[in-house]
Amino acid sequence: MPHDFMPGLAGVPAATSSISDVDGQRGILEYRGIRVETLCTSSSYLETAYLLLFGYLPSASEFQQWVTDITHHRRIKFRIIDLLKSLPESGHPMDALQAAVAALGMFYPGRNVKDVENNYWSAVRLVAKLPTIVAAWARLRHGDDPIPPRDDLGFSENFFYMLAESVAPPVWGEIFDDCLILHAEHTMNASTFTGLVTASTLADPYTVVASSIGALKGPLHGGANEEVVVMLREIGTVDKARPYVERALQNKKKLMGFGHRVYKVKDPRATVLQELCRRLFKECGNSPLYEIALEVEAAAGATLNSKGIYPNVDFYSGIIYDKMGIDVDLFTPLFAMSRVSGWLAHWLEQLRENKLFRPDQIYSGEHNRPYVPIDKR
Ligand code: ACO
């Protein structure tokens, strides 16, 4: 039976899901029915991860157990560290993260995805270990030893500690935790879909997450947060922002951090991230990049808003990480260490009623072509 071809599968449902929902016309994002803004105000990244994975807000004892389990599984094996040491230090951290996550699957039982208890421990390990891998790579590539996690520190505080071996200002931990909440899940995006396709083959969850990391890396997806800061640095000063934007749009260049397949208004995550920017800069001093970003948003708005193109989640997140002294090429790995909870929630959901993804195609080539021997071509 012939079907309409939708490039990029735009608007084509790939699953039914109760994990998150986006209202792209009104700019609303909910995780398990709860607005993301509410979660930023009232929840923590780890509680939000639990909500995404298991579908409900945990009781006090369930949450305590979850935090304990995550905390006890933060360490990574010395062989994973050896693997990271063997990679070229000029390589992209997303590639290092992908390699290390794929390798985790060689150390832990994950292949029997029908084992519900084992799936819980796989989810724990992946949520717990991704920050440790990112921080270890960030240090190893500069010739520094990795810093083991500290059990007395919360998820976000511990990440900063593993990066710099010092305890960051509390406001950094709070703001970073909100950033992790905002990036944790976003319906059927490219990396989630990639993970679902892998999950549908009943591959182990380490392979599922490794494939999602690969899809997230691209500049049209998670990689845009890195490119936004590169662009803002290139612009350099506020007065150069408007001419830069006008030139870019005249040349049909896409502005990174703008536009979204689903949102036709400003991405609600960008709005929250802007509030977080203001809070961070009030407490820790201004960022010239933020002033430039505001001018870029205003200049681009004149042309792009009428097309339904506004800042997305990647536009303001990098400015926050930059102020916290995090290297630009680590921004997308930060996205991955948050989004892993969303990917895993979709993995668990897929397993409940699995059907192998095997889409169709519309063949546009020839038939019955003769084979021409090499000396006659
Ligand atoms: N800057 C300028 N123009 C844009 C932008 C942009 N960032 N995004 C879309 N447009 C324009 C296109 O040029 C096109 O214009 P035209 O109709 O005149 O040819 C129109 O809007 C539609 O663009 P598409 O790329 O076809 O729309 P799509 O829904 O596929 O785009 C996407 C979504 C890929 C995110 C796009 O907006 C983009 O490339 N943005 C920049 C990269 C980016 O920020 N990615 C992160 C997205 S959020 C995330 O993945 C976490």
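**Exercise 1. The residue after α12**

Find the residue that follows helix α12 and look up the sign of its phi.

*Solution.* Step 1: in this predicted model, walk off the end of α12 and you arrive at lysine 252. Step 2: read its backbone angle; phi of lysine 252 is positive, near 60°. Step 3: put that in context. Most residues other than glycine have a negative phi.

**Exercise 2. The buried side of α12**

List the buried residues of helix α12 (residues 241-250) and work out how they are arranged around the helix axis.

*Solution.* Step 1: pick out the buried residues of α12, which are Ala241, Tyr244, Val245, Ala248 and Leu249. Step 2: look down the axis of α12; its buried residues fall within an arc of 120°, so they line one face of the helix. Step 3: ask what covers these residues. The cover includes α11 (224-235) and α14 (288-304).

**Exercise 3. Two more positive phi values**

Compare the settings of leucine 202 and asparagine 368, each a residue with positive phi.

*Solution.* Step 1: start with the angles. Leucine 202 has phi near 65°, and asparagine 368 has phi of about 50°; neither residue is a glycine. Step 2: place them. Leucine 202 sits in the loop between α9 (190-199) and α10 (205-216), whereas asparagine 368 belongs to the segment after α16 (331-352). Step 3: check the accessibility. With a relative accessible area of 33%, leucine 202 is partly exposed; asparagine 368, at 79%, is exposed.

**Exercise 4. Around the ligand**

Identify the closest residues to the ligand and its polar partners, then state how much of the ligand the protein buries.

*Solution.* Step 1: of the 20 residues that surround the ligand, the closest are His221, Lys254, Leu255, Gly257 and Phe258. Step 2: go through the polar pairs. An N or O atom in the side chain of lysine 254 is 2.5 Å from a ligand oxygen. Lysine 307 places a polar side-chain atom 3.0 Å from an oxygen atom of the ligand. On the backbone side, a polar atom of leucine 220 lies 3.1 Å from a ligand nitrogen. Step 3: turn to area; the ligand taken alone exposes 910 Å², and the protein buries 69% of that.

**Exercise 5. The span of α3**

Check the length of helix α3 (residues 60-72) against the expected rise per residue.

*Solution.* Step 1: α3 has 13 residues, and at 1.5 Å a residue it should span 18 Å. The expected span uses one less than the number of residues. Step 2: the end C-alpha atoms of α3 are 18 Å apart, which agrees. Step 3: finish with its environment. Trp66, Asp69, Ile70 and Thr71 are buried in α3, and their cover includes α2 (45-54), α6 (116-140) and α7 (155-164).

**Exercise 6. Serine 20**

Decide whether serine 20 is buried or exposed, and find the polar partners of its side chain.

*Solution.* Step 1: locate serine 20 in strand β1 (residues 20-23). Step 2: its relative accessibility is 11%, so serine 20 counts as buried, the cut-off being under 20%. Step 3: look for polar partners. The serine 20 side chain makes a polar contact of 2.6 Å with the side chain of glutamate 185, and a polar atom of that serine side chain lies 3.0 Å from the backbone nitrogen of threonine 187. Step 4: beyond four places in sequence, the residues touched by serine 20 include Glu30, Tyr31, Arg32 and His186.

Key:
Residues numbered from 1 in each chain as written. Predicted model: local features only at pLDDT ≥ 70, side-chain atom pairs only at ≥ 80, totals over all residues. Heavy atoms only, no water. Buried < 20%, exposed > 50% of the residue type's maximum accessible area, 1.4 Å probe, protein only. Helix = DSSP H or I, 4+ residues; strand = E, 2+ residues; numbered from the N terminus. Arc of directions from axis to C-beta. Contact = heavy atoms within 4.5 Å. Near = heavy atom within 4 Å. Polar contact = N/O pair within 3.5 Å; in protein donor to acceptor, adjacent residues only side chain to side chain. Areas by Shrake-Rupley, 256 points an atom, 1.4 Å probe, with all protein chains shown as cover.
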